[in-house]
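Here is a briefing on nonpolar contacts, inside and at the surface. Look over the model first.

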Amino acid sequence: VALAVPLVPKRRSPSSCESRGDDYAPRFTCFGEAMLRYIPDPDGDKLPLTSPFVKRWLRGCGGAELNVTVSLSRLGWGGRAKWISVVPEGVLGDDFLDLLGQAYPDGKGS
């Protein structure tokens, strides 16, 4: 009598895999760039109309690949949805990483 042993474990929902720390839990990794965007605050106090300057800016970050991993994390994938890219050093990179941490539900940006 021959016995067949499956190489792939039985499928489980992502939440049950994550809670058990299963090595076979599904993972999703995106590679791509993201953008840091600053736009004038439409409700902020503006300087006189003759001035080209704005007192307050709104900031945001995004990009298709980044948006996918943030959305998956919010749907329960947690640290199994990863985004890989290059972020510049300095103030802009730090600002971007701060916004990124706020976007993920765990606050880590993982």
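Which residues make a nonpolar surface patch of about 340 Å²? Tyr38, Trp57 and Leu92 do. The model is predicted: local features need pLDDT of at least 70, side-chain atom pairs count only at pLDDT 80 or more, and totals for chains, interfaces and linings use all residues. Residues are numbered from 1 along each chain as its sequence is written, and side-chain values use heavy atoms, with hydrogens and water left out.

**Surface**
- Patch residues have over 30% relative accessible area and no salt bridge (Lys or Arg side-chain nitrogen within 4 Å of an Asp or Glu carboxyl oxygen); nonpolar side chains are joined within 5 Å.
- Areas come from the Shrake-Rupley method with a 1.4 Å probe.
- Leu92 sits in helix α3 and is exposed (over 50%), at 52% relative accessibility.

**Aromatic pair**
- The whole structure yields one aromatic pair (ring centres within 6.5 Å; planes under 30 degrees apart are stacked, over 60 edge-to-face, the rest tilted).
- Trp83 and Phe96 form a tilted pair, because their ring centres are 5.8 Å apart and their planes stand at 55°.
- The partners are 13 residues apart: Trp83 lies in strand β4 (residues 81-84), Phe96 in helix α3 (residues 91-103).
- Helices (H or I, at least four residues) and strands (E, at least two) are DSSP runs.

**Core**
- Trp83 is buried (under 20%) at 15% relative accessible area, and Phe96 is buried at 6%.
- Both belong to the largest nonpolar core (buried nonpolar residues joined through side-chain atoms within 4.5 Å), which has eight residues.
- Other members include Cys30, Leu66 and Tyr104.
- Helix α3 gives the largest share, three residues.

Definitions and conventions: Rings of Phe, Tyr and Trp (its six-membered ring) pair if their centres lie within 6.5 Å; planes under 30 degrees apart count as stacked, over 60 as edge-to-face and the rest as tilted. Buried means under 20% relative accessible area, exposed over 50%, partly exposed in between (1.4 Å probe, protein chains only). Patches are made of residues with over 30% relative accessible area and no salt bridge: like charges are joined within 9 Å, nonpolar side chains (Val, Leu, Ile, Met, Phe, Trp, Tyr) within 5 Å.
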